[in-house]
Amino acid sequence: MIEMWSIEKIEDFRRTLLAWYDEEGRASLPWRKNQDPYRVWVSEIMLQQTQVNTVIPYFKRFMTLFPTITALADAEEQTLLKAWEGLGYYSRVRNMQKAAQQVVEDYQGVWPTTFEGLKKLTGIGPYTAAAIASIAFKEPVAAIDGNAYRVLGRLFKIEDDIRQTKTWQKYFAIGNQLIDPKRPGDFNQAIMDLGSSYMTAKNYDTAHNPIKEFIASYEDGTEDLYPVKSPLAKPKQVSYVGIAVVGPDGYLWEQRPATGLLANFWLMPLYAITDFESDPDAEWTRAEIIQATETRLLADYGVTVSLKALGGRPVTHVYSHLKWTVTILTGEITETMPLKRGVWRQRDVLNDDPQPKVQEKIWQRLNSLQG
DNA sequence: CACACGTGGTT
DNA sequence: TAACCAAGTGT
């Protein structure tokens with residue numbers, strides 16, 4: 001059981017933390033220019049599982065493309081995905097548009113102003129709801145993100161595993177005790193700034209930490225133990241063939257299904273190697289794979305083409321839960337064929353379509369190995 | 001509740 | 001290099 005501080009100690013902590021934040025907080029971050037809920041919301045969604053330096057250029061571009069919640073609600077999905085291309089976790093932006101439409105249509109364009117109200121919007125969970133409620137609407141509610149887990153975990157030597165959903169309750173309760181009711185938004189942001197400077201996961205610098213005197217795990221040199229976080233499973237290995245077929249009208253090109261990984265993004269046709277045979281342990285020779293791919297290309301796309309393997313190692317790409325290995329097969333046709341599936345797309349207009357990183361790697365491999 | 005869901009940076 | 005980390009949410 002965690003022993004909570006006295007009210008005097010809590011107030012001392014708030015003063016110390018906010019004094020540091022006023023001096024050394026990252027006030028220049030573009031989303032801190034004002035406390036407009038739309039602005040705060042866009043930044044908080046982008047920052048989910050994503051580092052500040054990555055987000056900055058995306059945030060600026062996004063606010064130019066979609067300056068208001070109405071502009072976001074009315075945007076074409078492909079435009080949205082293109083604006084998000086490279087940031088990852090693409091359901092974030094789809095959910096954001098749903099929430100924008102909810103606010104515009106169900107709330108007459110007026111934001112819910114409370115933690116509980118904000119949580120009802122698609123894509124806004126307890127963290128984001130607390131961030132917006134505290135920053136834009138001054139509600140004293142703790143925003144528990146990875147930074148808060150590190151800071152609070154080390155401050156109080158919390159033994160619960162932060163991977164477990166129920167642990168959030170404990171952190172939330174402690175955060176709500178600590179948060180400064182006069183400056184809730186600044187308090188939450190100060191915790192985040194602290195968590196990404198003096199209290200990082202590795203190479204933290206407690207010697208210069210402005211709140212070091214409050215850190216229980218610093219007293220006995222056990223900071224390394226907190227927060228308690230069980231290891232994640234290794235990504236599962238999956239092998240594909242990727243098919244680069246060029247004809248007079250460009251490359252064979254296809255949009256992914258509307259749900260699941262990389263939903264609605266554009267990619268060359270891919271076949272999982274195990275799709276050829278139900279036996280996942282089957283060892284396929286290169287000739288067999290090529291022939292099977294040609295057969296399936298005809299059946300699925302209506303394309304008759306002779307394929308050959310591109311030299312070099314396969315393209316690999318690691319996701320949170322998967323590791324893709326893509327062997328590239330190439331083929332050329334001299335006359336355009338009508339397609340059962342997919343489209344022909346010229347190389348110079350391909351980049352108008354949102355594409356995932358793995359497709360970029362495939363382009364790079366094609367460019368380097370065949371000019 | 002466990003797992004799906006991206007990408008870039010660090011060690 | 002493999003492993004881990006970075007302002008989480010939906011199902």
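Biologist: What is the relative accessibility of Asp22?
Modeller: Asp22 has a relative accessibility of 48% and counts as partly exposed. Buried means under 20% relative accessible area, exposed means over 50%, and partly exposed lies in between, with a 1.4 Å probe and protein chains only. This is a predicted model, in which local features need pLDDT of at least 70 and side-chain atom pairs count only at pLDDT 80 or more, while totals for chains, interfaces and linings use all residues. Residues are numbered from 1 along each chain as its sequence is written, chains are lettered from A and ligands numbered from 1 in the order in which they are written, and side-chain values use heavy atoms, with hydrogens and water left out.

Biologist: Which residue forms a salt bridge with Asp22?
Modeller: The partner is Arg183, and the closest N and O atoms of the pair are 2.7 Å apart. Asp22 lies in helix 1 (residues 7–24) and Arg183 in the loop between helix 10 (167–178) and helix 11, so the salt bridge ties together parts that are 161 residues apart in sequence. A salt bridge is a side-chain nitrogen of Lys or Arg within 4 Å of a carboxyl oxygen of Asp or Glu. Helices are DSSP runs of H or I with at least four residues, strands are runs of E with at least two, and both are numbered from the N terminus. Arg183 is partly exposed, at 27%.

Biologist: How many salt bridges are there in the whole structure?
Modeller: The search finds 12. One of them joins Asp353 to Arg345, with the closest N and O atoms 2.9 Å apart. Asp353 is buried, with a relative accessible area of 8%. Asp22, Arg183 and Asp186 are joined into one network by salt bridges that share partners.

Biologist: Changing topic, which residues are closest to DNA strand C?
Modeller: They are Leu47, Gln49, Gly123, Asp145 and Asn147, out of 25 residues that surround the strand. A residue is near a strand if one of its heavy atoms lies within 4 Å of it. The surface near DNA strand C has nine nonpolar, 10 polar and six charged residues. In these classes, Ala, Val, Leu, Ile, Met, Phe, Trp, Tyr, Cys and Pro count as nonpolar, Asp, Glu, Lys and Arg as charged, and the others, Gly among them, as polar.

Biologist: Which part of DNA strand C does Arg150 contact?
Modeller: A polar side-chain atom of Arg150 lies 2.8 Å from a phosphate oxygen of that strand. Thr128 has a side-chain N or O atom 2.8 Å from a phosphate oxygen of DNA strand C. Asp145 places a polar side-chain atom 2.5 Å from a sugar or linking oxygen.

Biologist: And where is Thr200?
Modeller: Thr200 is in the loop between helix 11 (184–195) and helix 12 (216–219). Thr200 and Arg150 are 50 residues apart in sequence, yet their C-alpha atoms are 7.6 Å apart in space. Leaving out residues up to four places away in sequence, Thr200 is in contact (heavy atoms within 4.5 Å) with Arg150, Arg154 and Gly195.

Biologist: What about DNA strand B: how many residues surround it?
Modeller: There are 20, and the closest are Tyr90, Asn203, Leu262, Ser320 and His321. Asn203 has a side-chain N or O atom 2.8 Å from a phosphate oxygen of DNA strand B. Thr50 has a side-chain N or O atom 3.1 Å from a base nitrogen of the strand. Of the atoms of DNA strand B within 4 Å of the protein, 65% belong to sugar or phosphate and the rest to bases.

Definitions and conventions: Polar contact = N/O pair within 3.5 Å; in protein donor to acceptor, adjacent residues only side chain to side chain.
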